[in-house]
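Visitor: Before we begin, could you show me the model and explain how its labels are earned?

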Amino acid sequence: MSFGLAFNKTDEPVFLESYFRDHIRYMRASMFLGTLIWALFGLIDLWVVPKNVLPNLIFLRYAIVCPIMIMCSFASFFPHPEKYMDYAISVGILPCAFFVIFRTIVLSSAESAISALSLLVLFIYCYSVMRPRFISASITGGLMVLGYLIAVIWIRPIPQHMLIKNFFYLIMGNFLGMYICYKMEAFARQDYLKTQRLKEEIQERIKTAQELERHKNHLEDLVRERTKELDKTQHEIVYVLAAAAEYRDTQTGQHIQRMSHVCAMVGKEFGFSEDECELLRHASAMHDIGKIGIPDHILLKSGELTPQEWEIMKAHTTIGVQILSQSDCALLRMARTIAVSHHECWNGSGYPNGLAAENIPLVGRIACLCDVFDSLLSHRPYKEPWPLDKALKHLQSMKGILFDPKVYEAFHRILPKIISVLEENGYKTVLGSEGAG
């Protein structure tokens, strides 16, 4: 910003628009008020002005000066005031000044002091109240002083001592007004610069925040993608391990796929959230992971197990817990719970801990029913697959004995959906021949 109070070509138009937009109401009000005061001061002429010049002064005041001031006041309502408001203020002030100078010419020399005082009042009002720009106000004030000097030196000379005194007051009053006007505009420009810097800083911070947000979202997307990949890998490993144990027993991995899927369906019917159902689906696939530790001559025996062999077979639940205890993630915690509790019975006759009723974890109760259901329909070394109607009758007979009645009811409510899943996963022959209906 230079001494002349101007920015560069880019900022100056923006500042002028904001300056006049912010002060236009104040300028408009001061112009209307000045017009009213000017008109009221004319009433004083009726008492102090000689009768021979009174008509001329009244004519000039009310027929010429007042209309010009009114038109300049109404010009403040035009669009884009930054283009003309300085000129409107100057055009409104100068006729008042020239009227005062005319009074100096037509009245006695004693009136020149009043004229000088009137010009000082115009300086103050113009510079301090109407808020024109410094450059236009300075030119207007200079023209006012110049016009007064021409009048009192060449047109109607006044005594030298009065000339010097009035000239001193006018020059000092003009410089004081110019200083006030300069400081007011300089303050407005500095405030504009601070506002612009603040806006730029805010925009920069917003931009930085947006960049950080985009970076954060990108990182979240990457983390989410990597997490999905890890989850997928983890689940694949889970099913590979579960299939390894299941393969020794059934020579197929379809049992764990179907059983875990049905567990998730029953869990959803029971009110589990989507995440909980997904966790249950993957965790239940490892319910028989402990069979890896059961010898083949017992696991694959086609006949009935001896009491000693049965005790070894029961150990697959605790072996599963030992295998799944290598990590404490949510998936393996649930898998451990299912592995140790899916052979517990509602009436307390199950193993390994003889838990009963709701002392058995809910996920274990769900896995128990779903495991038995799919096992009944599956081939085992010691049995052939059961028909669907026979398997369903057995499940119903075990309600309240082997199975939680509420789990059975939830299973029964979604039975058509479960049958649809079975038909899609390898039971078409059994369901079709033995009467799925």
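Guide: Let us start with a definition: Ala, Val, Leu, Ile, Met, Phe, Trp, Tyr, Cys and Pro count as nonpolar, Asp, Glu, Lys and Arg as charged, and the others, Gly among them, as polar. Please also keep in mind that this is a predicted model.

Visitor: What makes up the lining of the second largest cavity, by class?

Guide: The residues that line the second largest cavity are Glu344, Cys345, Trp346, Ile360, Arg365, Cys368, Leu402, Phe403 and Asp404. Set against the definition of the classes, this lining has six nonpolar residues, no polar ones and three charged ones. The volume of the second largest cavity is about 40 Å³.

Visitor: How many cavities of 30 Å³ or more are there, and which residues line the largest cavity?

Guide: A cavity is a set of points where a 1.4 Å probe fits but cannot get out, and by this rule there are two cavities of 30 Å³ or more. The largest cavity holds about 50 Å³ of space, and its lining is formed by Met31, Thr35, Met69, Ser73, Gly92, Ile93 and Met130. At least two residues of that lining come from each of H1, H2 and H3, and by class the lining divides into four nonpolar, three polar and no charged residues.

Visitor: What is the volume of the second largest pocket, and which element gives the most to its lining?

Guide: The second largest pocket has a volume of about 550 Å³, and 23 residues line it, with Trp38, Phe41, Arg61, Ser118 and Val121 nearest its centre. Two or more lining residues are given by each of helix H1 (11-48), helix H2 (54-74), helix H3 (85-106) and helix H4 (111-129), and H4 gives the most, with eight residues. Sorted by class, the lining of this pocket comprises 16 nonpolar, three polar and four charged residues.

Visitor: Which residues make the nonpolar surface patch, and why does isoleucine 44 count as partly exposed?

Guide: The patch covers about 1100 Å² and is made by Leu33, Leu36, Ile37, Leu40, Phe41, Leu43, Ile44, Leu46, Trp47, Val48 and Tyr62, with H1 providing the largest share, 10 residues. Isoleucine 44 lies in helix H1. Buried means under 20% relative accessible area and exposed means over 50%; isoleucine 44 is at 40%, so it counts as partly exposed.

Visitor: Why is histidine 80 called partly exposed, and what is the sign of its phi?

Guide: Histidine 80 has a relative accessible area of 47%, and therefore it is partly exposed. Histidine 80 is found in the loop between H2 and H3, and its phi is positive, about 55 degrees, although the residue is not a glycine. Most residues other than glycine have a negative phi.

Visitor: Where does alanine 357 lie, and is it buried, partly exposed or exposed?

Guide: Alanine 357 belongs to the loop between H12 and H13. Its relative accessibility is 26%, so alanine 357 counts as partly exposed. Its phi is near 50 degrees, again a positive value in a residue other than glycine.

Visitor: What kind of peptide bond leads from tyrosine 351 to proline 352?

Guide: That bond, from tyrosine 351 to proline 352, is cis, with omega near 10 degrees, and proline 352 sits in the loop between helix H12 (330-341) and helix H13 (362-376). Most peptide bonds are trans.

Definitions and conventions: Residues numbered from 1 in each chain as written. Predicted model: local features only at pLDDT ≥ 70, side-chain atom pairs only at ≥ 80, totals over all residues. Heavy atoms only, no water. 1 Å grid on protein atoms, 1.4 Å probe; cavity = no way out; pocket = protein on both sides within 12 Å on 5 of 7 lines; lining within 4 Å. Points joined across faces, edges and corners; volume = space filled by probe spheres on them. Helix = DSSP H or I, 4+ residues; strand = E, 2+ residues; numbered from the N terminus. Patch = residues over 30% accessible without salt bridge, like charges linked within 9 Å, V, L, I, M, F, W, Y side chains within 5 Å. Areas by Shrake-Rupley, 256 points an atom, 1.4 Å probe, with all protein chains shown as cover. Salt bridge = Lys/Arg side-chain N within 4 Å of Asp/Glu carboxyl O. Buried < 20%, exposed > 50% of the residue type's maximum accessible area, 1.4 Å probe, protein only.
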